[in-house]
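Got your viewer open and a selection tool ready? Let's walk through this one stop by stop.

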Amino acid sequence: MRVQTGQSLRIFKVGLVIVLLMIISGLLGSNDRRDQDVLNPYLAQDKNAFSLLILAEESDYMNQTNILNEMIGAYPGYFSQAGVLTTDSGEGKKIRDELDVRQVPAYLLLDHVQVILVDHDLAAFRSDSAQMIEERRLSR
């Protein structure tokens, strides 16, 4: 009787470990889906385009909108989506938290799958994003 009880206890423990691992992997998987859901509306519409987002303070919104328009104008046809989000808006907070953005303005370049560039320095962002756009243009 003891051998059978010991064996039953082992089977129970193994089953418990498997159930716990399934729960943990489910939680981790749902976190990845949640992350993707936050960024999904901002991803480029197709693989040959980019999305441009700027996270800014409310007081700097108009200035950043002008910068956004200049950048879009410099590369017509390469941005399927673009916008300025304020850090105090609901969507701005979600993006800021998701990407752990601590400083604004923050310039974000996204492709059709993920965020590919985040920078706080406008000159560096312009340079790096221009290089990425040029590489995309040459690969078309």
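Two strands count as paired here if DSSP finds at least two bridges between them. Helices (H or I, at least four residues) and strands (E, at least two) are DSSP runs, numbered from the N terminus. This is a predicted model, so local features need pLDDT of at least 70 and side-chain atom pairs count only at pLDDT 80 or more, while totals for chains, interfaces and linings use all residues. Residues are numbered from 1 along each chain as its sequence is written, and side-chain values use heavy atoms, with hydrogens and water left out.

**Stop 1: strand S3 and its partners**

Select strand S3, residues 106-110. Add strand S1 (residues 50-56), and you'll see S1 and S3 pair in the antiparallel sense over five bridges. To check one rung of that ladder, click Leu 52, whose bridge partner in S3 is Leu 109.

Now bring in strand S4, residues 115-119. S3 and S4 also run antiparallel, joined by four bridges. Click Leu 110 and its bridge partner in S4, Val 115. Then go back to Leu 109, which stands opposite Leu 117 in S4. The link from S3 to S4 is a hairpin of four residues.

Is S3 mostly covered, or mostly open? Mostly covered: five of its five residues are buried, where buried means under 20% relative accessible area, exposed means over 50%, and partly exposed is in between (1.4 Å probe, protein chains only). Show the side chains, and Ala 106, Leu 108 and Leu 110 point one way from the strand, while Tyr 107 and Leu 109 point the other way.

**Stop 2: the aromatic pair**

Stay on Tyr 107 and add Phe 125. A search of the whole structure finds one aromatic pair. Tyr 107 and Phe 125 make up that pair, and the geometry is tilted, at 5.7 Å centre to centre with 35 degrees between the planes. For the cut-offs, rings of Phe, Tyr and Trp (its six-membered ring) pair if their centres lie within 6.5 Å; planes under 30 degrees apart count as stacked, over 60 as edge-to-face, and the rest as tilted.

The pair links distant parts of the chain, with Tyr 107 in strand S3 and Phe 125 in helix H4, 18 residues apart. Tyr 107 is buried at 3% relative accessible area, and Phe 125 is buried at 0%.

**Stop 3: Asp 111**

Next, select Asp 111, in the loop between S3 and S4. What does its side chain reach? One target is the backbone nitrogen of Val 113, at 2.8 Å. The backbone nitrogen of Gln 114 also lies 2.8 Å from a polar atom of the Asp 111 side chain. A polar contact here is a pair of N or O atoms within 3.5 Å; within protein, one must be able to donate a hydrogen and the other to accept it, and residues adjacent in sequence count only if both atoms are side-chain atoms.

Asp 111 is buried yet has no salt bridge, and the nearest side chain of opposite charge, Arg 136, is 4.6 Å away. A salt bridge needs a side-chain nitrogen of Lys or Arg within 4 Å of a carboxyl oxygen of Asp or Glu. As for charge, Lys and Arg count as positive and Asp and Glu as negative; His and the chain ends are not counted.

Leaving out residues up to four places away in sequence, Asp 111 touches Leu 43, Ala 44, Ala 49, Ile 116 and Arg 136. Contact means heavy atoms within 4.5 Å.

**Stop 4: the salt bridges**

How many salt bridges does the rule find? The count comes to four, and here are some to click through.

- Arg 126 and Glu 70: the closest N and O atoms are 3.3 Å apart. Arg 126 lies in helix H4 (residues 122-139) and Glu 70 in helix H2 (residues 61-74), so the pair ties together parts that are 56 residues apart in sequence. Arg 126 is partly exposed at 31%, as is Glu 70 at 47%.
- Lys 94 and Glu 91: their side chains meet at 3.5 Å, N to O. Both lie in helix H3 (residues 90-99), three residues apart, about one turn of the helix.
- Arg 102 and Asp 100: this salt bridge is 2.8 Å, N to O. Arg 102 is exposed at 73%, whereas Asp 100 is partly exposed at 46%.
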